[in-house]
Amino acid sequence: MTSFSQNDVADANGKPFIKNSVEVYVGNPYYTTSFNKGKVKLASGKSFDNYELKLDEVNNQVIYKGADGRDYSFVEEVIAFDFNLDNKNLSFIKAGKDKAYYQVLLNGKNTLLKRNVKSIAERKQYSSATTEKFIQSRVNYALSIDDKFIELSDNKHLLETFSNNEKALNFIKTNKVSVKKEESLIKLVTYVNTL
């Protein structure tokens, strides 16, 4: 997507000078670009079904398509929502100190959560009027254990989280579980939930 803006800047004689700049956006700020049918749960406890939803991961906001085809956000806080994507039901909850939306990868006494953290960064080439805005993305994983939210920032933190569980620690070491490998985290939490 490209947009142009014009700014009036006075030159030495006071006449307007038209400065053209170009902004280029690269990347996708949404979990998925399309709207997907789903339901939402609001902070008041009310639930609504059959909404066309998508998640803006830059602004941490649930968006729905109105009857007029325009995008809307909910007035009341959305604490959970789910939608169907490629015949899979995806569930999201609001969690953590930053109240972000996390996808529920595995539910149980230990719940594994995933968040796509997206932000906008800018790059401008030297002596160029072109500003490139692009989406930076990284993945964070977290655990919800006994209603405690624990971010898994690195492998050391993962080991500390299970420091009182010798079987889990052995599983982590034997299977080379890493916070950068989603499948290994799923296997770990599946195993820990059986203990």
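Q: What classes of residue make up the lining of the second largest cavity?
A: The lining has three nonpolar, two polar and three charged residues. Ala, Val, Leu, Ile, Met, Phe, Trp, Tyr, Cys and Pro count as nonpolar, Asp, Glu, Lys and Arg as charged, and the others, Gly among them, as polar. The lining residues are Tyr31, Glu57, Phe92, Tyr101, Gln103, Lys114, Arg115 and Asn116. Tyr31, Phe92 and Tyr101 are therefore nonpolar, while Glu57, Lys114 and Arg115 are charged.

Q: What kind of model is this?
A: This is a predicted model, in which local features need pLDDT of at least 70, side-chain atom pairs count only at pLDDT 80 or more, and totals for chains, interfaces and linings use all residues. Residues are numbered from 1 along each chain as its sequence is written, and side-chain values use heavy atoms, with hydrogens and water left out.

Q: Why is a space called a cavity and not a pocket?
A: On a 1 Å grid over the protein atoms alone, a cavity is a set of points where a 1.4 Å probe fits but cannot get out; a pocket is an open set with protein on both sides within 12 Å along at least five of seven lines. Lining residues have an atom within 4 Å of a point. Grid points are joined across faces, edges and corners, and a volume is the space filled by probe spheres set on the points. By this rule there are two cavities of 30 Å³ or more. The largest cavity holds about 40 Å³, and the second largest about 30 Å³.

Q: Which residues line the largest cavity?
A: Its lining is Leu55, Glu57, Asn60, Tyr101, Arg115 and Asn116. By class these are two nonpolar, two polar and two charged residues.

Q: Which residues line the second largest pocket?
A: Lys109, Asn110, Ile145, Asp146, Lys148, Ile150, Thr161, Phe162, Asn165, Val192 and Leu195 line this pocket. Five of the lining residues are nonpolar, three polar and three charged. The volume is about 150 Å³.

Q: Why is Ser119 called partly exposed?
A: Buried means under 20% relative accessible area and exposed over 50%, with partly exposed in between (1.4 Å probe, protein chains only). Ser119 has 32% relative accessibility, so it counts as partly exposed.

Q: What does Ser119 touch, not counting residues up to four places away in sequence?
A: Contact means heavy atoms within 4.5 Å. Ser119 touches Val58, Phe134, Ile135 and Gln136. The C-alpha atoms of Ser119 and Phe134 are separated by 8.3 Å, although the two residues are 15 residues apart along the chain.

Q: What makes E3 and strand E4 a pair?
A: Strands (E, at least two residues) and helices (H or I, at least four) are DSSP runs, numbered from the N terminus. Two strands pair if DSSP finds at least two bridges between them. E3 and E4 (residues 47–56) share five bridges in the antiparallel sense, so they meet that rule. Tyr51 in E4 is the bridge partner of Gly38. The two strands form a hairpin with four residues between them, and Gly45 in the turn has a positive phi of about 100°.

Q: Which side chains of strand E3 point to the buried face?
A: Asn36, Gly38, Val40 and Leu42 point to one face and are buried, whereas Lys37, Lys39 and Lys41 point to the other and are not. In a regular strand the side chains alternate between the two faces of the sheet.

Q: How many bridges join strand E8 and E9?
A: E8 (residues 88–95) and E9 have four bridges and run antiparallel, so they too count as a pair. Ala95 stands opposite Ala100 in E9. Six of the seven residues of E9 are buried.

Q: What makes a set of residues a nonpolar core?
A: A nonpolar core is a set of buried Ala, Val, Leu, Ile, Met, Phe, Trp, Tyr and Cys residues joined through side-chain atoms within 4.5 Å. The largest has 20 residues, and Leu152, Leu158, Phe162 and Leu188 touch the most other members. E11, E12, H2 and H3 give two or more residues each. H3 gives the most, with five residues. A second, separate core has 14 residues, including Val40, Leu53, Phe74 and Leu90.
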